[in-house]
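Hi there,

Here is the structure I promised to pass on to you. Please have a look at it first, and then read on for what turned up.

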Amino acid sequence: MTRAQQTISIGLLVSSLYLACFLRLIPFSTKVQDEIIPILPFWALVSFGSYLLFKLGLGVFTFKDVPEAYRELMEEIEVARKDLKGKGIDVD
């Protein structure tokens, strides 16, 4: 099974479980059905966004811990600066 197939199958499983809960096919108390189930997609979206922001922040914070990538990026920045200065653009 490829990674795309695995992701699609997990997404279908989760969405079908949510739909079954939302359509009251799986019995819960009325408080859960009326107050919690409707906001689960928004909660999941906010949680996923928070996770991605954490991963991005951690990657930026630990960027210098990858010396090869740091040197490569700094070399590319210098090449771009020289190229732009050759075209008459001030980069400082």
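Helix H3 gives the most to the lining of the largest pocket, with 5 residues. Please keep in mind that this is a predicted model. The elements that each give two or more residues to that lining are helix H1, running over 3–22, and helix H3, running over 40–61. If you would like to find the spot on your screen, pick out Val14, Ser15, Leu17 and Tyr18, then Leu40, Pro41, Ala44, Leu45 and Phe48, since these residues line the largest pocket. The space inside the largest pocket comes to about 320 Å³. As for the character of its lining, 8 of the residues are nonpolar and 1 is polar, while none is charged.

Next, a residue in a loop. Isoleucine 37 sits between helix H2 (30–36) and H3. Is isoleucine 37 buried or exposed? Its relative accessibility is 5%, so isoleucine 37 counts as buried, the cut-off for that being under 20%. Leaving aside residues up to four places away in sequence, isoleucine 37 touches Tyr18, Cys21, Phe22, Phe28 and Val32. One of these, Tyr18, also lines the largest pocket. In the other direction along the chain, tyrosine 51 is 14 residues apart from isoleucine 37, and 21 Å separates their C-alpha atoms.

There is another loop worth a visit, the one between H1 and H2, where you will find arginine 24. Phi of arginine 24 is near 65 degrees, which is a positive value in a residue other than glycine.

Now for the protein as a whole. It has 4 helices and 0 strands, and reading along the sequence gives the pattern α-α-α-α. How does its radius of gyration stand beside that of a compact globule, and what is the value? The protein has 24 Å, whereas a compact globule of 92 residues would be near 12 Å. Along the principal axes, the C-alpha trace spans about 70 × 35 × 30 Å.

The surface figures come last. Of the 92 residues, 4% count as buried, and isoleucine 37 is among the buried ones. About 8,200 Å² of the protein is exposed, with carbon and sulfur atoms supplying 69% of that area.

Enjoy looking around, and do write back with any questions.

Best wishes

Terms used:
Residues numbered from 1 in each chain as written. Predicted model: local features only at pLDDT ≥ 70, side-chain atom pairs only at ≥ 80, totals over all residues. Heavy atoms only, no water. 1 Å grid on protein atoms, 1.4 Å probe; cavity = no way out; pocket = protein on both sides within 12 Å on 5 of 7 lines; lining within 4 Å. Points joined across faces, edges and corners; volume = space filled by probe spheres on them. Nonpolar A, V, L, I, M, F, W, Y, C, P; charged D, E, K, R; others polar. Buried < 20%, exposed > 50% of the residue type's maximum accessible area, 1.4 Å probe, protein only. Contact = heavy atoms within 4.5 Å. Rg over C-alpha atoms; globule rule 2.2 N^0.38 Å. Areas by Shrake-Rupley, 256 points an atom, 1.4 Å probe, with all protein chains shown as cover.
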